[in-house]
Amino acid sequence: MLDIPASTLRAWEERYSMITPVRSEGSQRLYSRRQVEKLRFVKAQIDSGASAADAHRLLAEEARAGGVPAVLEGPPGDRRPLVLIAEKDTYASDLAEYFLRTDGYQVAIAVDATQAKLQFDERSPDVVIIDLLISGGAGFRLVSEFAQKGTSQILAVAAIDAAEEALRAGAAAFMRKPLESLQLVSTVRDLLGTSAIVRSKRNQTAEL
Amino acid sequence: MNDRLSSGNSRLDEILSGGLLKNGINLIVGVPGSGKTILSQQFTFANATKEHPALYLSTLSEPLDKILRYGQGFKFFDATAIRDGRVIYEDIGPVLGEDGLDDVLVAIDGYLKHVRPGIVVVDSFRVFQAFATDVTHFRRFLYALTRRLTASATTSVWNAPYTRTQALEAAEFAVADGIIALDIKQIGEREMRVLQVLKLRGSSYKSGEHAYRISEDGFRVFPRLADSLDDSPYQLSDVHTATGIAAFDELLGNGGYWAGATTLIVGPSGIGKTLMGLHFIFRGASLNEPGIIATFQENQAQLERVAHSFGWSLEDPNVHVLHRSVVAMNIDEWVYELLDVVDQTGAKRIVVDSLVDLQSAAADPVRFKEWMFSLAQRCTRAGIGLMMIMEVTELFQLRQISEEGISHLADNVVLLQYVQEGPELVRALTILKTRAMRHRPVVHRFEITDKGFELGDALAVSR
């Protein structure tokens, strides 16, 4: 595509996670028109002498300035709940994304703390799944930061048993990695159930 | 902290401190014919559920139909599990096309998403090595595969036909979390199957070689009996167990052996050692203490005849006979059989006839001593009186008991021998050792009559 080798596309996808195509049933990558736009932008930067990393950084800046959108968005008016996955391991996020998407959620992925914050602010997800060890342990900070805003349900995950610390930081739930598909989906569903109650209560209080 | 999945054999789980590592990579290596496929399938059927199906991938090494055909002969094989989709057999061989290993990764990605297996077995893993252009390529493939499997909640079992030495050098060794090696050892003209854990991340395990057997019940392991010295306190009873020979109880002082004591009866053939054992067992039976006669020579019928001639019967509900031939016997396998009978019967007395047979079944003397120590310790703690009969070739004047230090761990040692008294040859008994009891090392005459063992007076032995 755009004369960019498939292996390069895959490498960028893994490294920068800014242009993440959806997968077909046969695991083929499907790029949206917007994503193709973004790829064209990245390629143009590289053609004019920028490194791949710089090109992606420029893409992110463009996005913040309101240019090419930085994140994958569903079709307009998509009412499916949005789950943001902040996970450094691309294999783990890829699997979680697949399990959640096939269960009817919109999913966004961030590979480091900076991206996670960016996406959180831009898209206000319903649920955030945070690997506590993302960006060298920055996950704990992310949990408290997002929890304080009180707009999303937070599911903390880690390869170590850190349930207590995660809950104390403000997470609504904790799961030990690797995430088991049924458990993940049912936990997210539970969290959304809770948040729906919280929201309706909040609305009731507002009405009073 | 690390969760386990049962291997499908409780005694193997015991060796592994609970089972195979859940969500880990478990490598099973072993020479061809050692049972890697059987162990993998037993594990598969033991753990597959509808929610977390097991995916059994055969590679180019063996056609899937063959694995299935032979697997079906085992009791653990459950066709309904295949029908219900709990166990899914797939042949990944055809995938290994031009792109070889990359295609394997793509296929695995697909399985992890669409099948969502709780278990993935690769049988056998070695074929992947052949598709790697060089070591670096193979290592890169291993890393890529491991990353995928680590990210998913999947327990992996990889089979490979490596010997133990090869396994230590294989690239898979580094990425595996647990490694079980199967081997067939040649001991003299006998073959012995042994299992050894080479690696188990974040956990202890029972070290050394453990015997195993493969039957239609599947894979059965006999953890080597090697209990370390247990210093924890236990109830030392002051109860005495009657020997069944009244005069001998008197001679011992307090009315018999200490409960839970280990007694060694030493003597030449035909002098009456087995008879002492029978007295011990039948006295126990009359006191409602179940007993086990573990014999390697006499079978039930032969033993019944002997018992009958002294007025006893093996029909006694408190008397149990465990008869095994020493041919192709393994001492660990035997001891678990014995311990199972102890569990079933609540036995308080055991007679082993004879120690020499057991010794011949043991691979080496050091191992035998360790094993004997463990058995004696277990019996003592359980308050089980253990009597071991040992045959010696000397008829008179035994100068040395060559028993590899067994008399050391026995609490009591009783010597039976022939003594010349004038022109007559008489039977004589000497207590060589009684732990924690006073005794006089006097030589006593005894006779064998219809009533059994009859202890007589002290002998004035002339030399």
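Two strands pair if DSSP finds at least two bridges between them. Keep that rule at hand for these exercises on a predicted model.

**Exercise 1.** Find which strand is joined to strand E8 of chain B by 10 bridges, and work out which residue stands opposite Ala181(B).

*Solution.* Start with strand E8, residues 178-187 of chain B. Its 10 bridges lead to strand E9, residues 190-200 of chain B, and the two run antiparallel. Since pairing takes at least two bridges, E8 and E9 of chain B count as a pair. Now look across from Ala181(B): Gln196(B) in E9(B) stands opposite.

**Exercise 2.** Trace the open sheet of chain B from one edge to the other, then find the helix that packs on it.

*Solution.* Follow the order E5-E4-E6-E7-E3-E8-E9-E10-E11, which takes you through 9 strands with mixed pairing. At the edges you meet E5 (87-91) and E11 (218-222) of chain B, each pairing on one side only. From one strand to the next, the twist averages 25 degrees. Next, go to helix H3 of chain B, residues 64-71, which packs on the sheet. H3 touches E4 (54-58), E5 and E6 (119-123) of chain B, and its direction makes about 145 degrees with that of E5(B).

**Exercise 3.** Describe the side of chain B that touches chain A.

*Solution.* Begin with the count: chain B brings 15 residues to the contact and chain A brings 12. Then ask which elements of chain B give two or more residues: they are helix H5 (101-114) and helix H7 (135-151). H5(B) supplies the largest share, 5 residues. Finally, sort the residues on chain B's side by character: 5 are nonpolar, 4 polar and 6 charged.

How values were computed:
Residues numbered from 1 in each chain as written. Chains lettered and ligands numbered in written order. Predicted model: local features only at pLDDT ≥ 70, side-chain atom pairs only at ≥ 80, totals over all residues. Helix = DSSP H or I, 4+ residues; strand = E, 2+ residues; numbered from the N terminus. Axes fitted to C-alpha atoms, helices over the stretch in contact; angles between N-to-C directions. Contact = placed C-beta atoms within 7 Å. Nonpolar A, V, L, I, M, F, W, Y, C, P; charged D, E, K, R; others polar.
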